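Subject: Structure handover

Hi,

Here is the structure for you to look over. My notes follow below it.

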Amino acid sequence: METKLWNKAMELAELACKSATGLPSEEKYGIRLQITRPAVSVASNIAEGWTRESKNERRQFLAVAHGSLSELHTQLLLCGRLDWLPSGSLARQMGLIDELSRMLTTLCRRSRPT
């Protein structure tokens with residue numbers, strides 16, 4: 001499951017970074033960075049979490065990835081509301097965000113202490 005999770009996170013990061021280049025030029029250091037940072041963070045924290053031997057550490061990195069995913073979701077919603085990004089380009093990203101969120105929730109619940 002972790003490979004599938006990481007691959008989906010990488011796809012989302014790629015799509016988010018590509019779509020961020022279509023934002024208005026005055027947003028180069030504004031929302032563009034606010035989109036690319038959490039998009040990359042999701043995949044990075046998933047990768048780092050899976051290298052940890054401790055379940056607690058792994059769960060912590062997955063929780064950080066989930067938080068970054070929520071950040072990205074909010075920023076993409078805002079860009080859609082402002083018509084800065086076309087809804088067609090956001091549809092796949094929103095689908096991946098939903099799927100990744102469900103997967104991360106499941107993994108975090110499974111790794112809770114019993």
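Arg 109 counts as exposed, because its relative accessibility is 56% and the cut-off for exposed is over 50%. Arg 109 sits in helix H4. Its C-alpha is 8.9 Å from that of Arg 59, although the two are 50 residues apart in sequence. Bear in mind that this is a predicted model.

Now the core. The largest nonpolar core holds 28 residues. Which of them touch the most other members? They are Leu 5, Ile 35, Ile 46 and Leu 72. Four helices each give two or more residues to this core: H1 (2-20), H2 (31-51), H3 (55-81) and H4 (87-110). H4 contributes the most, with 8 residues.

Take Ile 46 from that group. Leaving out residues up to four places away in sequence, Ile 46 touches Leu 5, Trp 6, Ala 9, Leu 62, Ala 65 and Leu 104. Leu 5 is thus on the contact list of Ile 46, and both are among the core residues that touch the most other members.

Next, helix H2. Its buried residues are Ile 31, Arg 32, Ile 35, Thr 36, Pro 38, Ala 39, Ser 41, Val 42, Ala 43, Asn 45, Ile 46 and Gly 49. Note that Arg 32 and Asn 45 are on that list. The length of H2 checks out: at 1.5 Å a residue, its 21 residues should span 30 Å, and the end C-alpha atoms are 31 Å apart, which agrees.

How do H2 and H3 pack? Their axes are 8 Å apart, at an angle of about 160 degrees. H2 is therefore roughly antiparallel to H3, since the cut-off for that term is over 145 degrees. The crossing of H2 past H3 is left-handed.

Two more residues to look at.

Lys 8 is in helix H1. Is Lys 8 buried or exposed? Lys 8 counts as buried, because its relative accessibility is 15% and the cut-off is under 20%. Setting aside residues up to four places away in sequence, Lys 8 touches Leu 96, Glu 99, Leu 100 and Met 103.

Asp 83 is in the loop between H3 and H4. Its phi is near 60 degrees, a positive value in a residue other than glycine. Most residues other than glycine have a negative phi. Asp 83 counts as exposed, with 67% relative accessibility.

Best wishes

Methods. Residues are numbered from 1 along each chain as its sequence is written. This is a predicted model: local features need pLDDT of at least 70, side-chain atom pairs count only at pLDDT 80 or more; totals for chains, interfaces and linings use all residues. Side-chain values use heavy atoms; hydrogens and water are left out. A nonpolar core is a set of buried Ala, Val, Leu, Ile, Met, Phe, Trp, Tyr and Cys residues joined through side-chain atoms within 4.5 Å. Buried means under 20% relative accessible area, exposed over 50%, partly exposed in between (1.4 Å probe, protein chains only). Contact means heavy atoms within 4.5 Å. The expected span of a helix is 1.5 Å times one less than its number of residues. Axes are lines fitted to C-alpha atoms, for helices over the stretch in contact, and angles run from 0 to 180 degrees between N-to-C directions. Angles under 35 degrees count as roughly parallel, over 145 as roughly antiparallel, 65 to 115 as roughly perpendicular and the rest as oblique. A crossing is left-handed if the near helix is turned anticlockwise from the far one by less than a right angle, and right-handed if clockwise.
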